[in-house]
Amino acid sequence: MPTILIVRPPNQTLEDIAVCRQAGWHAVPFSPIVLQPHLETLTALKQHSMNMDAVFWVSPGAIEIAAPYFDFSDGLMHHIAVGQASRRKLEPFCANPVHAPQDGNDSEAVLRLPIWQQLQPRADILIVRGTGGRNYLAENLKKQGFNVHITEVYSRQRQMPDWSVFAQSPPQAAYITSAEAARALFELAPPKLAQPLRTLLYLTHHPRIAETLRTMGVQRIEIVRKLDMQTLTRCTEFL
């Protein structure tokens, strides 16, 4: 049974672990980053979001942290998610369908959604994200004439993963969902594990993350739409 590291925040790994188990893989949560909620910002979120025309949720982590503090009761506000995983996480909170791209999971794909043409000029858009997020979407929405508001509901803090997994159950692959996690993974690695870490097969959903991995010396990278049975079955051939 091959072992795969799930390199994403701990509270976002359950679905990935279940898929890996079904595909005959041993999945190990292995996050070098933890999301720290900003409680003061979260408690003010209900007031801050009043009179918004649309809300963009930047990640599953943003939804998990902030959605319980948000008032979804009016049913009039448009909710937009960065991708299908975020859409699935957000839908239980929303009375109406969540807008999310089918052809990607980044700001570029979100900008291609038809919802932006349906909103009124100078509509108020709230972006719910963590500290230090990309400004690409906000800047482009401003160019289209929207009033953009940003609320940062969490920060990312590094934590030391349990490197003993390399001795107990040596991994053959890793699934990684952010460039920041990729950098943290290699910068926190003990020197003796730096090279074994580079030799793993890395699965990721975005070219930017793949490029970050290449700068860390990784050569075996597969860009996948999502972590599912088909992907894992195919990748077994590369191990």
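**Notebook: two helices and their cover**

I began with helix α1, whose buried residues pack against β1 (3-7), β2 (26-29), β8 and α13 (229-235). I note at the outset that I am reading a predicted model, and that every value below is computed from it.

Next I looked up which residues of α1, spanning 14-22, are buried, and found D16, I17, V19 and C20. Viewed down the axis of α1, these buried residues fall within an arc of 165 degrees, so they line one face of the helix. The general reason is that an α-helix has 3.6 residues a turn, so residues three or four places apart point the same way. On the other side of α1 I found L14, E15, R21 and Q22 exposed, and I took exposed here as over 50% relative accessible area, with buried as under 20%. Following the chain past α1, I came to G24, which has a positive phi near 85 degrees.

I then turned to helix α12 and put similar questions to it. Which residues of α12 (residues 207-215) are buried? I listed I209, A210, T212 and L213. Down the axis of α12 the buried residues fall within an arc of 160 degrees, so here too they line one face of the helix. For the cover over the buried residues of α12, I recorded β8 (173-176), α10 (179-188), β9 (201-204) and β10 (221-223) among the elements involved. I noted that β8 packs against the buried residues of α1 and is also part of what covers those of α12. Just after α12, G217 takes a positive phi of about 95 degrees.

With the two helices noted, I stepped back to the protein as a whole, where I counted 13 helices and ten strands. The C-alpha trace spans about 55 × 35 × 30 Å along its principal axes. I checked the radius of gyration, which is 19 Å, and this agrees with the value near 18 Å that a compact globule of 239 residues would have. Of the 239 residues, 51% are buried. Among contacts with a separation of 6 or more, I found that 64% join residues 24 or more positions apart.

Last, I looked at the surface and the charges. The accessible surface comes to about 11800 Å², and carbon and sulfur atoms account for 51% of this area. I also recorded 23 positive and 21 negative charges, whose mean positions lie 4 Å apart.

Note on methods. Residues are numbered from 1 along each chain as its sequence is written. This is a predicted model: local features need pLDDT of at least 70, side-chain atom pairs count only at pLDDT 80 or more; totals for chains, interfaces and linings use all residues. Side-chain values use heavy atoms; hydrogens and water are left out. Helices (H or I, at least four residues) and strands (E, at least two) are DSSP runs, numbered from the N terminus. The radius of gyration is taken over C-alpha atoms; the globule rule is 2.2 Å times the number of residues to the power 0.38. Buried means under 20% relative accessible area, exposed over 50%, partly exposed in between (1.4 Å probe, protein chains only). Contact means heavy atoms within 4.5 Å. Accessible areas come from the Shrake-Rupley method with a 1.4 Å probe; for residues, only the protein chains shown count as cover. Lys and Arg count as positive and Asp and Glu as negative; His and the chain ends are not counted. The place of a charge is taken as NZ of Lys, CZ of Arg, CG of Asp or CD of Glu. The arc is that of the directions from the helix axis to the C-beta atoms.
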